[in-house]
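These exercises are to be worked through with the sequence and the 3D view side by side. Try each task before reading its solution.

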Amino acid sequence: MKTEIAGILEKHEGDRGGLISILEDVQARYSYLPAEALKFVADGTGRSLVDIYGVATFYKSFSLKPRGKHLCSVCVGTACHVRGAPVIAGEFERQLDASVGATTEDNEFTLETVNCLGACALGPIVVVDGHYFSNVNSSQVKRIIKKTHVGLDEAEIKADRRLYLHTVSCSRCNHSLMDPDHKIDGSPSVRVTASFERKHGWLRLSSLYGSFAVESEYPIRSDEIVDFFCPHCHTDLKGASACPLCNAPMVAMLVRAGGIVQICSRRGCKGHMLDLDGAGV
Amino acid sequence: MERLTSIEDFKAMQDRLVSERDYSKPSIVIPAGTCGQASGANDLIRVTKRELLDRGLTDKIRLRITGCHGFCEAEPSVLIQPTGTFYPNVKIEQMVRIVEAVRDNQVLDDLLFVDPATGKAVEKQSDIPFFKTQVRTILARSENIDPIRIFNFIRNGGYSALAEVLGKGEPSQVVEEIKRSGLRGRGGAGFPTGAKWELLANQQNGHGKFLVCNADEGDPGAYMDRSVLEGNPHSIIEGMLIGGYATGANEGVIYVRNEYPLAIKHLLIALRQSRGFGLLGDDILGTGFSFDIKLVRGAGAFVCGEETALMRSIEGKMGEPRQRPPFPIEKGVDGKPTAINNVETWANIPLIIADGAEKFAKIGTNGNTGTKIFSLVGKIKNTGLVEVPMGITIEKVVTDIGGGASGKAKIKAVQTGGPSGGCIPAERFDLPIDYDSLAEAGSIMGSGGMIVMDETTCMVDVAKYFMSFLKDESCGKCFTCRKGIQRMHEIVEDISEGQGTLEQIDLLEELALSVKDTTMCGLGQTASNPVLSTLQYFRQEYVEHIENQRCPAGVCKALITYSINENCTGCTLCAKTCSEGAISGDKKQRHVIDSESCTRCGACVTVCKFDAVEVA
């Protein structure tokens with residue numbers, strides 16, 4: 001833990017309002033603020049532990065207790081309140097058998113209320129792991145919990161009408177990158193050469209827009225930034241933009257039907273952009 | 001990314017961007033702010049992309065993903081430009097038809113917005129009653145801008161105001177221009193922005209000066225700042241740059257609440273892009289002027305919207321307010337002179353510079369110039385963000401733009417100003433909306449939340465809600481705020497449970513006045529407003545709870561019972577829904593609620609299709 005905290009502190013060196021951002025990063029890493037971590041933060045920043053504890057307990061979004069795998073926030077802003085948010089919060093308490101602010105016994109869910117998420121027209125609003133549910137009524141609560149257990153990001157490859165195939169080619173030599181012999185998600189995959197840590201090998205991506213399935217010759221650690229090359233002309237596929245989510249370089253490919261698709265070169269990041277008129281930034 | 005090194009460079013790029021664009025080509029505009037995404041805009045975007053690719057239309061039709069346009073009730077919506085055709089509440093299947101219609105230059109009559117007053121379909125967005133009465137100088141800009149693409153912003157006149165003031169090289173003229181516009185702080189207090197800037201400009205620049213954008217929009221029910229940050233982040237950056245140039249500040253902070261992840265994402269992208277183009281940072285456009293902006297995320301504390309607490313939070317400390325003076329303008333962040341303005345104030349700055357102070361001052365009334373964005377929510381038909389000239393009456397906003405009550409119950413009040421504001425009864429809806437009139441009526445303008453309440457909203461419950469909110473959010477520094485709000489909450493809670501006495505109303509009033517007089521910061525000084533204004537206008541409701549043990553609105557759980565009337569068809573839906581098993585009855589027979597085991601959760605009312613569940 002000590003080295004990880006040191007890494008976070010280093011990232012925020014010279015940062016304005018450092019402490020709050022540091023604690024936010026610590027919480028993002030451990031899902032709460034472990035006592036030991038606060039001690040490391042105190043040591044590293046030279047501030048007293050009391051100071052750190054004060055900040056950690058003053059702000060609502062920090063938790064000193066471990067939190068569940070899923071964070072479920074029920075908005076209780078005024079607009080949601082007049083539309084029946086207290087009933088929704090009560091129903092979550094009943095269904096999860098945990099009161100507001102608590103975590104379920106199986107450590108799956110933490111239930112919270114928040115003061116206004118600013119989507120007042122759609123109230124009552126519930127946010128689970130960043131997914132918004134609008135106009136929630138008490139009979140939907142059970143379904144939301146069930147959906148979360150299954151996984152909110154899961155897309156059913158066969159049934160989901162929002163997924164579609166796109167054919168891509170190298171932005172330099174215009175050679176197709178499609179590999180019909182190696183299928184991912186039941187469709188031809190996109191093949192590129194990936195290079196990281198002095199290893200070179202193939203990397204295949206799903207060609208379904210909306211699927212994030214990837215296979216590679218060598219296992220790639222999560223968070224690793226990978227260089228992508230065209231397997232035909234060996235050009236670096238790096239595009240002009242940075243990933244909107246994590247700031248890593250984006251990889252650009254031409255879409256057969258028109259436009260440019262850019263994906264983040266960081267393993268595990270879902271940042272992507274599809275520009276139909278190729279306008280870029 | 002090419003770094004621009006002179007004002008001429010910038011203008012050349014802007015001209016190139018404008019000339020490159022073929023404005024006759026149709027665009028499909030899909031708003032995808034937080035509300036849009038929550039109601040399914042992302043799916044529409046996907047389908048549109050698929051259709052454009054499949055049909056080879058990518059060079060014939062443009063797709064633009066923007067922030068929120070304001071008509072939240074109609075989300076997910078689609079706007080077609082340049083025709084202005086507006087499709088509300090679009091479903092995935094319908095999106096395919098819309099793409100075809102745009103290709104063929106047609107309008108789909110069956111998908112258009114239907115005016116509930118006339119029953120007729122309205123094609124153009126500008127003809128819809130919700131949009132017609134508004135003056136959308138800020139919100140309309142978001143329609144033309146993809147917030148994560150700086151080219152889009154620059155093509156639409158973005159950063160021209162900055163280039164203009166940098167080109168003139170007269171900072172004091174900028175301050176004069178803002179003073180002449182009459183712009184007052186949009187965060188709620190209404191301090192003249194130009195005067196604030198002048199004070200900052202006159203401060204000694206020993207260790208640097210500071211600008212802050214207060215985007216800690218904590219008032220529940222207010223979300224106009226979120227919408228501007230998500231939909232047009234560059235306008236805030238441009239506003240702050242102009243402010244920095246005018247006042248001699250070189251550092252800025254945008255303090256955003258953590259509950260707005262999309263706003264944070266768009267701001268970070270915008271900051272990175274403008275820095276990359278040399279529009280932010282050192283030696284901006286080669287003029288020698290340097291200004292940098294950092295983003296600081298809040299961590300969920302309402303009191304941090306108060307300026308002195310906000311500054312402490314920026315410094316990485318507990319967000320406790322402190323005594324003023326010294327005012328931030330003398331001693332602010334890190335002890336440096338600091339000017340703090342709200343998001344909407346900053347968004348107005350480039351408009352004033354670009355269009356001139358006179359044009360801005362023409363909108364609104366004397367002493368209250370320009371437009372103000374309100375979030376019209378609650379029991380109203382057209383929920384959404386409305387931008388209106390200052391001085392418009394509440395009646396116009398609620399009836400003409402909002403379309404009146406959402407349900408059958410009559411509207412009885414609007415609540416403005418969030419937890420620091422008050423309730424204004426329907427009899428006073430002729431009141432013009434400006435800083436002074438609202439304060440006189442016992443409420444405040446606040447940041448712009450406008451929550452409509454009808455006869456099914458209990459005013460005692462509203463007061464209880466705000467006291468409970470403020471009780472949790474009081475930082476605890478002042479005794480009267482910490483304990484006073486807690487006591488007020490207890491009294492209101494007693495009354496809502498039928499345990500109150502008439503003497504308690506007097507006590508409540510006295511307590512409210514003492515809290516108002518004896519606390520230090522804005523939170524405490526205004527905390528009594530919800531209680532005082534409901535007592536002023538709706539005292540009878542309090543009395544009813546006490547004397548007759550009745551909640552006229554049917555909200556306070558301890559004083560109501562649920563029953564099923566003869567409308568019941570015996571469909572059994574309510575019995576299946578009730579998690580307490582309090583409803584019994586045979587199929588096709590009228591059901592009965594056991595009031596002993598009923599928790600008054602209201603689930604049966606929501607599911608009943610026959611209006612058979614009664615609250616009394």
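**Exercise 1.** Which residues of the largest nonpolar core touch the most other members?

*Solution.* Keep in mind from the start that this is a predicted model. The largest nonpolar core holds 214 residues, and those that touch the most other members are Tyr59(A), Tyr159(B), Ile236(B) and Phe291(B). Next, look at which element supplies the largest share of this core: helix 19 of chain B, residues 459–473, contributes nine residues. To see one of these well-connected positions in detail, set aside the neighbours of Tyr159(B) within four places in sequence; its contacts then include Phe10(B), Ile150(B), Phe153(B), His234(B), Leu241(B) and Leu279(B). Finally, a second, separate core of 48 residues can be found, with Val192(A), Leu203(A), Met253(A) and Val261(A) among its members.

**Exercise 2.** Determine the strand order of the open four-stranded sheet in chain B, and describe which helices pack on it.

*Solution.* The order of the four strands is 9-8-7-10, and their pairing is parallel. Strand 9 (292–297) and strand 10 (338–342) of chain B are the edge strands, since each of them pairs on one side only. From one strand to the next, the twist averages 20 degrees. Turning to a single pair, strand 8 (residues 251–256) and strand 9 of chain B are joined in the parallel sense over six bridges, and Tyr255(B) has Val296(B) of strand 9 as its bridge partner. Helix 10 of chain B (residues 193–201) packs on the sheet, where it touches strand 7 (210–215) and strand 10, and its direction makes about 160 degrees with that of strand 10. Helix 15 of chain B (residues 343–355) lies across strand 7 and strand 10, but runs at about 90 degrees to strand 10.

**Exercise 3.** Explain why the buried residues of helix 9 of chain B line one face of the helix.

*Solution.* Begin by listing the buried residues of helix 9 (residues 171–181) of chain B, which are Val174(B), Val175(B), Glu177(B), Ile178(B) and Ser181(B). Seen down the helix axis, these buried residues fall within an arc of 155 degrees, and therefore they line one face of helix 9. The general background is that an α-helix has 3.6 residues a turn, so residues three or four places apart point the same way. As a further step, find what the buried residues of helix 9 of chain B pack against: the partners include helix 8 (160–168), helix 12 (233–247) and helix 16 (357–362) of chain B. After helix 9 of chain B comes Gly182(B), which has a positive phi near 75 degrees.

Key. Residues are numbered from 1 along each chain as its sequence is written. Chains are lettered from A and ligands numbered from 1 in the order in which they are written. This is a predicted model: local features need pLDDT of at least 70, side-chain atom pairs count only at pLDDT 80 or more; totals for chains, interfaces and linings use all residues. Side-chain values use heavy atoms; hydrogens and water are left out. Two strands pair if DSSP finds at least two bridges between them. Helices (H or I, at least four residues) and strands (E, at least two) are DSSP runs, numbered from the N terminus. Axes are lines fitted to C-alpha atoms, for helices over the stretch in contact, and angles run from 0 to 180 degrees between N-to-C directions. Contact means heavy atoms within 4.5 Å. A nonpolar core is a set of buried Ala, Val, Leu, Ile, Met, Phe, Trp, Tyr and Cys residues joined through side-chain atoms within 4.5 Å. Buried means under 20% relative accessible area, exposed over 50%, partly exposed in between (1.4 Å probe, protein chains only). The arc is that of the directions from the helix axis to the C-beta atoms.
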